[in-house]
Amino acid sequence: MVFYLKKFDVVALGELLIDFTENSTSPQGNTLFEANPGGAPCNVLAMLQNLGKKTAFIGKVGDDSFGNMLRDVVAGQGIDTSNIVFDKKVPTTLAFVHTAPDGDRSFSFCRNPGADMMLKKEEIIFSLIQDTKLFHFGSLSMTSHLAEEATKEAVKAAKEAGALVSFDPNLRPPLWESLDIAKEKISYGISQCDILKISDDEIAFFTGTEDIDQGIACIQEKYDTPFICATMGRRGSRAYCNGLRVECAPFLNKNTIETTGAGDTFMACVLSWILDYGLEGMDAHRIHDMLGFANAASSIITTRKGALKVMPAESEIWGLINERRKGE
């Protein structure tokens with residue numbers, strides 16, 4: 001298989017849902033929620049589209065007004081929607097995002113079950129996976145037996161086709177029957193991937209240590225993952241590759257309102273750079289530039305409500321980076 005002849009740069013599988021985000025209060029003092037299209041895998045694809053990459057999504061939504069709206073929004077971003085499946089019995093998954101004063105979030109879900117959990121392996125168009133350079137997934141598609149089976153078949157197909165595989169745990173504790181099961185499924189994801197994006201909280205959960213370097217060392221020792229990025233919120237990010245450890249400062253933004261989509265934006269930027277330069281082309285200087293670009297993009301998305309429809313343009317990202325360079 002010739003890598004550069006693949007039709008798609010990235011194909012992702014997973015959840016597509018509605019993020020209800022807090023947006024002011026009513027005259028009666030009730031919290032008003034805005035229905036934002038979301039779901040980590042599609043957020044990643046939307047940002048990749050803004051960076052000039054060609055993408056496709058595999059997932060399931062309800063055959064309802066939310067599901068049809070999601071399909072239309074995803075198509076509007078330029079993402080291939082030929083493998084978005086509609087479930088006639090189970091509704092589209094809904095997530096309610098509760099924002100703290102510092103912009104951090106907590107979640108509650110209407111997903112017992114949700115349509116994204118009902119994806120079957122027989123519903124996957126495997127030719128999409130065979131025709132991509134990189135396959136991306138997260139842990140939430142393994143919270144049900146059906147979708148887990150579909151996910152593992154997709155990962156197997158990607159590896160057989162010679163695609164790179166990327167994984168983001170995207171841990172959401174309320175969605176797991178137990179955290180032990182969550183840890184088991186995250187372990188599977190890490191064992192399969194070439195590229196891992198993992199947050200400081202997820203490192204602490206998965207490895208038992210809050211020391212980022214120690215946690216990453218544990219992961220590298222057990223899984224030998226070629227490329228790992230650790231996101232650390234207001235402390236920036238780090239990358240570990242080819243024996244290198246590279247750290248980059250964050251772009252703290254006084255206009256931050258919430259952090260929804262920040263990790264997905266970061267993940268997309270990392271994948272875009274790796275697609276452009278290859279894992280073998282990622283030296284310390286290029287990794288630092290990549291982290292700076294991803295940090296800047298993540299900073300911009302924190303100033304906006306939602307994620308999928310409002311991902312930053314590449315020109316905005318470079319504009320923020322150039323502003324910092326002028327001030328140095």
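**Close-up 1. The side chain of K6 and the backbone oxygen of T132.** A polar atom of the K6 side chain sits 3.1 Å from the backbone oxygen of T132. This is a predicted model, so please read each distance here as a computed value. The K6 side chain also reaches a second backbone oxygen, that of A161, at 3.3 Å. Along the chain, K6 belongs to the segment that comes before strand β1 (8–13).

**Close-up 2. K6 and its nearest opposite charge.** Which side chain of opposite charge is nearest to K6? The answer is D131, at 6.1 Å. A salt bridge would need the charged atoms within 4 Å, and K6, though buried, has none.

**Close-up 3. Helix α8 from end to end.** Here we meet helix α8, which runs over residues 262–277 and has 16 residues. From first C-alpha to last, α8 reaches 23 Å, close to the 22 Å expected at 1.5 Å a residue. Is α8 mostly covered or mostly uncovered? It is mostly covered, with 13 of its 16 residues buried. Just after α8 comes G278, with a positive phi near 80 degrees.

**Close-up 4. Cysteines without a disulfide.** How many disulfides does the structure hold? It holds zero. For C42, the nearest cysteine sulfur belongs to C269 and is 16 Å away. C42 counts as buried, at 0% relative accessibility. C229 is in no disulfide either, and its nearest cysteine sulfur, that of C241, is 8.9 Å away. C229 is buried too, with a relative accessible area of 1%. For a disulfide, the two sulfur atoms would have to be within 2.5 Å.

How values were computed:
Residues are numbered from 1 along each chain as its sequence is written. This is a predicted model: local features need pLDDT of at least 70, side-chain atom pairs count only at pLDDT 80 or more; totals for chains, interfaces and linings use all residues. Side-chain values use heavy atoms; hydrogens and water are left out. Helices (H or I, at least four residues) and strands (E, at least two) are DSSP runs, numbered from the N terminus. Buried means under 20% relative accessible area, exposed over 50%, partly exposed in between (1.4 Å probe, protein chains only). Lys and Arg count as positive and Asp and Glu as negative; His and the chain ends are not counted. A polar contact is a pair of N or O atoms within 3.5 Å; within protein, one must be able to donate a hydrogen and the other to accept it, and residues adjacent in sequence count only if both atoms are side-chain atoms. The expected span of a helix is 1.5 Å times one less than its number of residues.
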